[in-house]
Amino acid sequence: MTTEPLLRVEGLDTYYGESHILRGVDLAVPSGQMVCLIGRNGVGKTTLLRTVMGLLQPRSGLVCLDGEPLGRRPPHERAHAGIGYVPQGREIIPWLTVRENLMLGLEALPGGLVRNRRIDPLVFELFPVLETFLNRRGGDLSGGQQQQLAIARALLGKPKLLLLDEPTEGIQPSIVLDIERAVRRSIETTGISVLLVEQHLHFVRQADWYYAMQRGGIVAAGPTSQLSQSVVNRFLSV
C-alpha cells in the first residue's frame with residue numbers, strides 16, 4: 001500500500017495567454033521531504049510553483065494537497081490550507097520593520113492576526129540575525145537578510161508545504177549555507193515538506209529527490225544521491 005504524497009501534481013497544463021508553458025507535468029512531494037526542481041531558465045519552473053500556489057490556473061490537470069484536489073481555490077485559501085510561498089525577489093515590504101513583516105506571516109494561521117500575535121522563537125533559532133534587526137526596516141537589510149526574512153515569514157504560517165523559488169540567487173555564499181541549514185532544520189523540526197527551485201548545486205544535493213524540467217515538461221527524476229554529472233551539466237550549468 002503506497003502512502004499519498006503531501007503534494008501531488010498530475011497532467012498539469014498551464015498557459016500564459018496562448019503560450020503553452022507547462023506540458024503534462026506530473027510531480028509528487030512526500031511528507032517531510034525536500035524535492036528540488038532543476039532546469040535552465042525559461043523552462044517552466046516558476047510557472048509550476050505559481051500554479052501550485054493558485055496564482056495561475058491550469059487549463060487541465062490536477063493539484064492535490066493531502067489528497068484533496070485544490071481545484072480553482074485562490075492563493076489565500078491555499079495559504080490557509082497549508083502552502084507557504086517564497087517567490088523570486090522575496091517580496092518583503094521594504095517600509096515595514098522586520099517585526100511587522102514577520103507578523104504578516106501569521107495571517108495564514110487560523111484566526112489570522114486577530115488571534116495570533118506571537119512570533120514563534122524557532123524562526124530566530126533558524127535566522128538569528130532577524131532577532132537582532134527586529135526594529136530595522138525590511139528595505140534596509142541586505143539581500144541575504146531579506147531572503148531569510150521572507151523564508152521566516154512563510155514559516156510563521158505553519159505551512160505543510162513550503163515553495164521556495166531560487167532562494168540563493170544573488171546571495172553571498174556564507175548566507176547560502178545558513179539558508180540551507182535552516183531549511184533542513186525546519187524539515188527535521190516541524191516535518192514540513194519543501195518544493196525547491198534552485199541552481200546552486202550544493203543546495204540541490206540537500207534535497208531527497210529531484211525533477212528536471214525541459215520545455216515545460218519533466219524529463220528526468222530520481223534521488224539526489226544518484227544525481228549524475230551528466231544531468232548536472234545538462235540542467236544546471238549556465
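**Exercise 1. How many of the 13 residues of α7 are buried?**

This is a predicted model, in which local features need pLDDT of at least 70 and side-chain atom pairs count only at pLDDT 80 or more, while totals for chains, interfaces and linings use all residues. Residues are numbered from 1 along each chain as its sequence is written, and side-chain values use heavy atoms, with hydrogens and water left out.

Solution.
- Step 1. Locate the helix: α7 covers residues 143-155. Helices are DSSP runs of H or I with at least four residues, strands are runs of E with at least two, and both are numbered from the N terminus.
- Step 2. Apply the cut-offs: buried means under 20% relative accessible area, exposed over 50%, and partly exposed in between, with a 1.4 Å probe and protein chains only.
- Step 3. Count: 12 of the 13 residues of α7 are buried, and the helix is mostly covered. Among them are Gly144, Gln147, Leu149, Ile151 and Leu155.
- Step 4. Find what covers them: the buried residues of α7 pack against β6 (83-86), α3 (98-105), α5 (122-126), α6 (128-132), β7 and α8.

**Exercise 2. Compare the span of helix α7 with the expected span.**

Solution.
- Step 1. The expected span is 1.5 Å times one less than the number of residues.
- Step 2. For the 13 residues of α7 this gives 18 Å.
- Step 3. From first C-alpha to last, α7 reaches 19 Å, close to the expected value.

**Exercise 3. Describe the salt bridges of Glu18 and Arg184.**

Solution.
- Step 1. A salt bridge is a side-chain nitrogen of Lys or Arg within 4 Å of a carboxyl oxygen of Asp or Glu. The whole structure has 11 of them.
- Step 2. Glu18 bridges to Arg59 at 3.4 Å, N to O. This pair links distant parts of the chain, 41 residues apart: Glu18 is in the loop between β1 (7-16) and β2 (19-29), and Arg59 is in the loop between α1 (45-53) and β4 (60-65). Glu18 counts as exposed, at 68% relative accessibility.
- Step 3. Arg184 bridges to Asp208, with the closest N and O atoms 3.8 Å apart. Here the partners are 24 residues apart, Arg184 in helix α8 and Asp208 in the loop between α9 (201-204) and β9 (209-214). Arg184 is buried at 18%, whereas Asp208 is partly exposed at 29%.
- Step 4. Arg59 also lies over the face of Tyr15, at 3.8 Å from the ring centre. A charge sits over a ring if NZ of Lys or CZ of Arg is within 6 Å of the ring centre and within 35 degrees of the ring normal.

**Exercise 4. Which side chain of opposite charge is nearest to Glu166, and how far away is it?**

Solution.
- Step 1. Lys and Arg count as positive and Asp and Glu as negative; His and the chain ends are not counted.
- Step 2. Glu166 is in the loop between β7 (161-165) and α8 (173-190).
- Step 3. The nearest side chain of opposite charge is Lys45, 4.4 Å away, and Glu166 is buried without a salt bridge.
- Step 4. Contact means heavy atoms within 4.5 Å. Leaving aside neighbours within four places in sequence, Glu166 is in contact with residues including Asn41, Lys45, Gln88 and Gln147.
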